[in-house]
Amino acid sequence: MLLHRPSATIGFTVVEVVVVLTIAGIVALVAIPRFMGVSGFQSRGFYDSAKSVVRFAQKTAIAWRKDVFVCVTATGVSAGTAAGCATPIVNPATGNALSATAPSGVTLTPAAFSFDSAGRPNPNAAVTITLTSTISDDPVRQIVVERETGYVHP
């Protein structure tokens, strides 16, 4: 009497298991260090927020047809309708004052300027805001406001 074994086997071969484990190990080596240090992500997020504050200030000056002031300190950027940013502009989407605060390890070059009703910076000169960081592998970033148009760009 012959015993018949089923032709379909259940399970994985050793080669398949080794390949899957190797791929999982490579993905873990690449992905896990990126999630361990969030300082670089916070720095980039602050840069984007600071650039947005300056852009919003310029657009608000044009929309309201009045001067809007931008105040840059070593630890943050804010915008207001009075010199020194004493009267902050409120972001209608969030209801918060239009500002961005730097995370630890990030500093800015202090500056104070305003946008006139045409969106040009005052004093009539290009403005460069430099963000420096003590976080490893975090580059120096700049926010530039063009003299003639007030265009805000990296």
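Strand 1 and strand 2 run antiparallel to one another and pair over 5 bridges. A hairpin of 2 residues carries the chain from strand 1 into strand 2. Keep in mind that this is a predicted model. Beyond that hairpin, there are two helices to look at, a disulfide, and an open sheet built from 4 strands.

**Strands 1, 2 and 3**

- At the hairpin, Thr-73 sits opposite Gly-76 of strand 2.
- Strand 2 also pairs with strand 3, again in the antiparallel sense, this time over 3 bridges.
- If you want a spot to find that second pairing, look for Ser-78, whose bridge partner in strand 3 is Ser-99.
- How many residues of strand 2 are buried? The answer is 4 of its 5, so strand 2 is mostly covered.
- As a bit of background, strands of a sheet pair through backbone hydrogen bonds, and they can do so in a parallel or an antiparallel way.

**The disulfide**

- The count of disulfides comes to 1.
- The bond joins Cys-71 and Cys-85, with 2.2 Å between their sulfur atoms.
- Cys-71 belongs to strand 1 (residues 68–73), while Cys-85 is in the loop between strand 2 (76–80) and strand 3 (99–101), so the pair ties together parts that lie 14 residues apart in sequence.
- The torsion about the S-S bond is about 100 degrees, which makes this disulfide right-handed.
- Are these two cysteines buried or exposed? Both Cys-71 and Cys-85 are buried.

**The open sheet**

- Here 4 strands line up in the order 4-7-8-9, with antiparallel pairing.
- Strand 4 (106–108) and strand 9 (152–153) are the edge strands, and each has a single partner, so one side of each has no neighbour in the sheet.
- Strand 9 pairs with strand 8 (residues 141–145) in the antiparallel sense, over 2 bridges.
- Within that stretch, Val-145 faces Val-152 of strand 9.

**Helix 1**

- Where is Val-19? You'll find Val-19 in helix 1, which covers residues 14–36.
- Val-19 has a relative accessibility of 43%, so it counts as partly exposed.
- Val-19 is also part of a nonpolar surface patch, along with Val-15, Ile-23 and Val-27.
- Together, the residues of that patch have about 370 Å² of accessible area.

**Helix 2**

- Helix 2 takes in 26 residues (residues 39–64), and at 1.5 Å a residue it should span 38 Å.
- Its end C-alpha atoms are 37 Å apart, which agrees with that expected span.
- The buried residues of helix 2 include Phe-46, Tyr-47, Val-53 and Val-54.
- Polar names turn up among its buried residues too, including Ser-43, Lys-51 and Gln-58.- Thr-60 is another residue of helix 2, and at 6% relative accessibility it counts as buried.
- The C-alpha atoms of Thr-60 and Val-90 are separated by 11 Å, with the two residues 30 apart along the chain.
- Just after helix 2 comes Arg-65, which takes a positive phi of about 55 degrees.

How values were computed
Residues numbered from 1 in each chain as written. Predicted model: local features only at pLDDT ≥ 70, side-chain atom pairs only at ≥ 80, totals over all residues. Heavy atoms only, no water. Expected span 1.5 Å × (residues − 1). Buried < 20%, exposed > 50% of the residue type's maximum accessible area, 1.4 Å probe, protein only. Patch = residues over 30% accessible without salt bridge, like charges linked within 9 Å, V, L, I, M, F, W, Y side chains within 5 Å. Areas by Shrake-Rupley, 256 points an atom, 1.4 Å probe, with all protein chains shown as cover. Salt bridge = Lys/Arg side-chain N within 4 Å of Asp/Glu carboxyl O. Pairing = 2+ DSSP bridges. Disulfide = S-S within 2.5 Å.
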